[in-house]
Structure formats: C-alpha cells, structure tokens
Amino acid sequence: MTPTLQDAHLCLLGRVEGGPAEALPDQGTLSLLGPGPGFWAHFQSSPEYRDGDPDPMDRWSNRVITGLARAWGGQAFFPFGGPPYHPFYTWALKTGRAFASPIGFLVHDSHGLMVSFRGAIFVAGARHTPPAAPSPCLSCAGQPCRTACPVGAFADGYNLDACHSYLDQDAGRSTCMAQGCAARRACPIGQDLRAPEHSAFHMAQFHKAST
C-alpha cells in the first residue's frame, strides 16, 4: 500500500512550481510538508522519539518523508542537515500561502506563526499554480505578535540574546519554554493546531542549540 500524508500525520502546507532558478533539480513541483492532525502523539510513538538519541524529529522526518518521496517517485528535501541549507524560507514565500510576518518569522494562511516544515518532496514534471492571496497580517487587528514578547526581543529586529536570556529565567521556563514562544502564540491563526508539549519540544531544541 502506498503511504500517505495522513498515515504520517503530515499535511500539505503549499506547493512551489519551478526548476533550477528556484534551486530545484528540474522543472516540476515541490510540496512542502508539516505536522498535521495528531502529529505529536504519532511522533511520540516513533522509535526515534523513544531511543534517546539526538535530533529525534529530524531523524523521524528523514525516514518518513524519504519513504513518501520514494513512493511518489520524487526526491526529498529537508530544512536541516546543512550547511549548505535548502531555501525553505524562500520556497515557503513562493507557495502563496506563507508570508513574512511583522516579526520576520513566516506566517501561514492556516497555521499562523506556528507553521513548521518537516521536509518537502519534489516531483519532476508535475505542475501547480500557487494561489494568489494577501498576507493574513494585513487584516490582523493590532498585530499582537509585535508586542507579545515579554522581553521585547522583536522591538528592533530579533534580539536573540535577550530571548535566550529570558528562557534561562524562571519566568521564561514556565511560559515560553513550557508553552511555546509568546509571540508565535499571540497569532490568532492556528492557535489550536499545536499541543503545548509539541511547542515545548521545539523550544528545548532551539534553546539547546544556543549553548
């Protein structure tokens, strides 16, 4: 039986049609994939999560998305494993479903600031025209992501040192580390799409990378 995105609890976050000009190997379509319904519970039951080795979600993504790409007759790409790194930020913008938010992070039309890409599959020859829609930030009242950070890390660009310093404090451990980035959580889109435990996992990986 051919594996599906639903089997892996992944979802399609957008497609990019293009070729070498978009850093793709040939003319075709790239499908960007991210966590779908039930992803966190599914991932927790995986051997990668349970074996205690580093980078469990990246290893899970590599195994699962590579298998999907093989079944689809395509090629898998990942946002990790570099340098060099594949241009996922640029690819996401080209889908017509993701946009640069007021704080610089990608915002997605259905996942908001909680969007994350576990990988992508390129299929040569396939064609798809991205939708044409405006950024949801243009109609977002007050743009709460701008002011939600408790240490103002987005007041002038992105103050990464201030962010990590706050995560080392008791207040940061009980809020952003345990529940996810306050600025991301402030986005009104997709607030119910990620379990707090899933966000805490990513925050731990993000903070660990700074040490």
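Q: Why is there no bond between the sulfur of cysteine 137 and the closest cysteine sulfur, in cysteine 145?
A: A disulfide needs a pair of cysteine sulfur atoms within 2.5 Å. Here the two sulfurs are 6.1 Å apart, so that is too far for a bond. Bear in mind that this is a predicted model, where local features need pLDDT of at least 70 and side-chain atom pairs count only at pLDDT 80 or more, while totals for chains, interfaces and linings use all residues. Residues are numbered from 1 along each chain as its sequence is written, and side-chain values use heavy atoms, with hydrogens and water left out.

Q: How many disulfides does the structure hold?
A: Zero. Cysteine 187 is in none either: its nearest cysteine sulfur, in cysteine 140, sits 6.4 Å away.

Q: What makes cysteine 137 count as buried?
A: Buried means under 20% relative accessible area, exposed over 50%, and partly exposed in between (1.4 Å probe, protein chains only). Cysteine 137 comes in at 12%, so it counts as buried. Cysteine 187, at 8%, therefore counts as buried as well.

Q: Why is the pair of phenylalanine 39 and phenylalanine 43 called stacked?
A: Rings of Phe, Tyr and Trp (its six-membered ring) pair if their centres lie within 6.5 Å; planes under 30 degrees apart are stacked, over 60 edge-to-face, and the rest tilted. These two have centres 6.1 Å apart and planes at 0 degrees, so stacked it is. Both phenylalanines are buried, and both lie in helix H1 (residues 39–44), four residues apart, or about one turn. Helices (H or I, at least four residues) and strands (E, at least two) are DSSP runs, numbered from the N terminus.

Q: Which residues do ring pairs link into a cluster?
A: Phe39, Trp40, Phe43, Tyr49, Trp60 and Phe201.

Q: How do you know that strand E2 and strand E6 pair?
A: Two strands pair if DSSP finds at least two bridges between them. Six bridges join E2 (residues 28–35) to E6 (residues 119–124), and the two run antiparallel. One example is serine 31, whose bridge partner in E6 is isoleucine 121.

Q: What makes strand E1 and strand E3 the edge strands?
A: Each pairs on one side only. The open sheet has four strands in the order E1-E2-E6-E3, with antiparallel pairing.

Q: Which residues have the most contacts inside the largest nonpolar core?
A: Such a core is a set of buried Ala, Val, Leu, Ile, Met, Phe, Trp, Tyr and Cys residues joined through side-chain atoms within 4.5 Å. The largest has 20 residues, and the ones with the most contacts inside it include Ile103, Phe154 and Cys176. Helix H5 gives the most to this core, with three residues.
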